[in-house]
Amino acid sequence: MAELTYREAVAEAIAQEMRRDEDVVFLGEDIGAAGGVFKATVGLFKEFGPVRVRDTPISEQAILGAAMGSAMTGLKPIAEIMFSDFLAVCWDIVANEIAKARYMTGGQMSMPLVIRTANGGGSRFGAQHSQSVENWAMMVPGLKVVAPSSPADVKGLLAAAIRDPDPVMFFEQKSLYPIKGFVPDGELVDVLGTAKVLRDGGDVTIVALAAMVPRAVKAAEELSAQHGIEATVVDVRSLVPLDTQTILREVSKTGRLVTVEENPRLCGWGAEIASIVADEIFWDLDGPIMRITTPHIPLPAADELEDATMPSAERIVREIVENID
Amino acid sequence: MATKPKAAAKGRAKPKAAPKRAAKGKAWIANDDIGEETRLALWRSLLEIRHVEQRAYDLFLQNLIKGTSHLALGHEAVAAGFAIAMEKDDWSFCTYRGHHHTLARGASMEGVLGELMGRECGLLQGKGGSMHLTSVEHGAMGSYAIIGAHLPIAMGAAWTSQYKDTGQVSVCFFGDGTTNIGAFHEALNMAAVWKLPVVFVCENNLYMEYTPIKDVTAVHNPAGDRAASYGLPKIVIDGNDADEVYRTAQTAFAKARAGDGPSLIECLTYRHSGHSRADPGDYRPPGELEAWLKKDPVPRYRDRLAEFGIAQDVIDGMDAEVLAQVDEATEVSKASPPPGLDLIDVDVWADGGTSWRN
Amino acid sequence: MDVIMPQLGETVSEGTVSVWHKTIGDAVSTKERLFDVSSDKVEMEVPAPAEGTLLEIRVGAGVTVPVGEVVAIIVREGEVIEVGAGLSEAAEEAAPKAAAAPVREVSVKSANRDANGNPLSPAVRRLVAENSLDPVAIAGSGLNGRLKKKDVLAHLNSGAAVRSALKPAPLDFAGEDTEVIPFNNLRKLTAEHMVRSKATSPHVLQAVEADFARVARARSGVSAAWKKREGFSLTYLPFIAKALCEAVREFPHVNAAIDDENLVVFRRVNLAIAVDLDFDGLVAPVIKDADQMSLQELARAIRDGSERARTNQLKPEDFTGGTYTISNSGVFGTMITAPIINQPQVAILSTDAITKKPVVIETEDGDTIGIRPVGVLAQSFDHRAIDGAYSAAFLNRVRDIIQTKDWAAVLA
């Protein structure tokens, strides 16, 4: 077991896979010599060289187009889009090309590629560099969508994504890059489409993703210690494929669902979970479903403003105490 | 420079035994770098495209082809010239006006017509339609309906070739309008910087959908005049001369295979019909179509073959043979049933499934 | 205009339409019966709420629906109905058409709320439906006394034995050794109420024996004149009722109900007197403010209630507001009875037969045996509300009043 930061786990996963398979290549802006603007890919350029780790111009469409073209013809590329907000610049390649090619060609095209990107707020970068957009990807048929919350999950899920024969969008939460966690030694490969239950409690089920997971866990501890409310916490980890069975089972047990989402309110990933729960286990619900989300606004930049808009552990505690009886 | 002539595309009936010299006894023209076998392959390709596209036109009028269809009547020489110059394992990418490129790489006629008519025998099992013709086994790596998207994708395929050092070339066909979209610039730039073995071919038919390209482009040759921005030479050729296209292709491929990077080639051509089947083309100035019809690549090549001493009955014979093949393919695809509804829920993922949840 | 299932009693949540007296198209009026309803111990005739025409019948005869549910639609004189407002074809034909009409509001189903008016969650509704529970009778531990799933589960677990008795394994009793008599509506309602009462209240039975000598003397003194004047006999029951009302003033907690973890003591004494309907069921009409009545008034009220019960003339208000119940088994000659509490009250008294018994009489000169009219007064009480000592003290007070009050003066 080693204690790694979330960002170190990114580099370790990529290195693990690049050592294992020569067809794995990596491209993006400032990822090579500079080790990435978030220092999430330090050491890869040194170990694998400029042929396999390529710095690109500022050309998001070309980056993803190159990833698609090379994946179609035998490589297993990892493409970095520096800030997930920039996906909007190359969204055609993601949503119209990569996502649809296999289906449109009657199964002829294969695209074993990974698009990894730094997602979400908390860094005071302002609205165009802070949004959480994994819900954009969730809505497009043909994309797998992953958003890990811990270093061990980063390593295991990124390795799994690289090995996956389908296109995977891998959302790293930039506010989590510095957090530390224990990662098992040796080769680590997790399974996409599996959620994790981090805590057991009988009064309410909190379902969270990525940066919201540590906040949900902290809130659950305070709820137990200060308010006598016991919460189950589920880390969704994978939006597509979705581990629906785990979520339904854990919500059935308590009858109360609370989602914690960094996405702005409308069509955040939790809306789909709430809909599935209301549809499939309606008769197990013991009260209204609650979604705790960022409000439906672009994120403000100043410290206090940004912190107040993103769901905090304190807000999670407060809303549960006020609404879950 | 002399190069080995390309064998006839896979899947086609082999041409009849090499014809004897012309009965007239005309001497072969000196400097025939292309050679008879290749010329006949070019002729066959031109005929196949012309007859299939013409048939598609007719089938559309009979309401057997639905949706929209972007016909390449008039563009045959570009497709034939490049396809015949390509190796089997080279890759080609084209736009939604891509029937000709897909056929030229060797995809079957019933596959193409069947897909246009939405039948089970279609290349894409009826799932993609006219704008997305693909045959990966022939190296036809997709027809793309979003302008410009496939340029970086074609560049990506070239990256595979460079990385694995296979000598394969990626060929990317697009129209004049594409040169004005962002992805064009990104792909050309990155291909040039990385010196990728990709050949970008602009089929300049003077019109971007309904607007003359000159009205919306800052330079005269939309591709040719931009090449310098990427450190590439300006190459503008007569896209209706199959031989010229063939020669240009060979040069570009040699450069790419030698590791000297991409080419950008502008082929001047013209489309005989409207932008799509729905468009009668009334925006063209009077006389323009007629002038270009005089340069129709197919009759032009018929004359070229005669010039190079190929017997008339060989020329006509191939024409009749291809037409018969098109007739047969038409019947086969008409008889093919619509795709089963079970095809709806397959092939989103590599395992053949579509499920997003457990 | 909606015709709804009327509220028929304070713990009654549903009613059964037993018969329709009109068909679609008939004129209806407030002076005529429109339909009959049977519910908790009463058969009731319901007239139309206004003058008009019957447009549509939504609930057929024999069907049970919650109180407040729309059972029929009538068109008042001068009213127009919106075309296509979800009416049946026949109703549409009968309706006078108009361009626009106000949209009807759906009435809130009182059956889908708990005792504090909170709506029931889906999980609770499912459990309630699956187990035929009355959500109003289960205490809620959530916000505003909201009924939660775990409250229902706890309730079910506590009454598990009862539930299994209510739904025994199906046995096949048909055959020539048996006669199967299906429960009529009243029987069904009684059965449900009795099971629920036992499942809700922990019953304790306590009894005292009372010497009715004084009562008997006073009664016999006026018996003939009473009968001649009132038309019915003066029985022991009014005396017991009077004594009880006086005792309640000193022991008010027997005249109460339980709400969650509160004892709700009633300020009024509304006495319900159980009446047997010739072996065909049991009803308990309520005498409001019995403690304000004289003995004579009580006697008349008791008589009136039982007469109206037997002739099916009881009204909904006869069933609401009861705070304590007396069950007079004595007329059947019983020694002692353990009655079942009439929910939501906390106690019920059984008065059993008064018969001549030898009793020990203490005199200055020592004990002797005498013959006295003696009867058992047996109270079942809800042990959540009061304890044995309190109940016993209450019973003793009742007995003392019976044994020592100057009944002759009361009757004079």
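This is a selection-by-selection tour of a predicted model, going from whole chains to one helix contact and then to one residue.

**Stop 1: chain A**

Select chain A and switch to a cartoon view, which should show 12 helices and 14 strands. Colour its residues by burial: of the 325 residues in chain A, 65% count as buried. For a contact map of chain A, take the pairs with a separation of 6 or more; residues 24 or more positions apart account for 81% of those contacts. A surface representation of chain A corresponds to an accessible area of about 11000 Å². Carbon and sulfur atoms hold 54% of that area in chain A.

**Stop 2: chain C**

Hide chain A and select chain C. The cartoon of chain C has 10 helices and 20 strands. Chain C runs to 412 residues, and buried residues make up 44% of them. In chain C, contacts with a separation of 6 or more come to 61% from residues 24 or more positions apart. The accessible surface of chain C is about 21100 Å², and 53% of this surface belongs to carbon and sulfur atoms.

**Stop 3: where a helix of chain A meets a helix of chain B**

Bring chain A back, together with chain B. Select residues 60-72 of chain A, which form helix α3, and residues 182-194 of chain B, which form helix α6. At what angle do the axes of these two helices cross? The crossing is at roughly 70 degrees, and the axes come within 8 Å. Angles from 65 to 115 degrees count as roughly perpendicular, so α3(A) is roughly perpendicular to α6(B). The crossing of the pair is right-handed.

Now show side chains for the residues that make the contact:

- from α3(A): A:E60, A:Q61, A:A62, A:I63 and A:A66
- from α6(B): B:G182, B:A183, B:E186, B:A187 and B:M190

Colour these residues by class. The contact of α3(A) with α6(B) divides into six nonpolar, two polar and two charged residues.

**Stop 4: a serine in chain B**

Stay in chain B and select residues 150-164, which form helix α5; B:S161 lies in this helix. Is B:S161 buried or exposed? The relative accessible area of B:S161 is 3%. Buried means under 20%, so B:S161 is buried.

To see the surroundings of B:S161, leave out residues up to four places away in sequence and select what remains in touch with the serine. That selection holds B:W91, B:T166, B:G167, B:Q168 and B:P197.

Conventions
Residues numbered from 1 in each chain as written. Chains lettered and ligands numbered in written order. Predicted model: local features only at pLDDT ≥ 70, side-chain atom pairs only at ≥ 80, totals over all residues. Heavy atoms only, no water. Helix = DSSP H or I, 4+ residues; strand = E, 2+ residues; numbered from the N terminus. Buried < 20%, exposed > 50% of the residue type's maximum accessible area, 1.4 Å probe, protein only. Contact = heavy atoms within 4.5 Å. Areas by Shrake-Rupley, 256 points an atom, 1.4 Å probe, with all protein chains shown as cover. Axes fitted to C-alpha atoms, helices over the stretch in contact; angles between N-to-C directions. Parallel < 35°, antiparallel > 145°, perpendicular 65-115°, else oblique. Left-handed = near helix turned anticlockwise from the far one by under 90°. Nonpolar A, V, L, I, M, F, W, Y, C, P; charged D, E, K, R; others polar.
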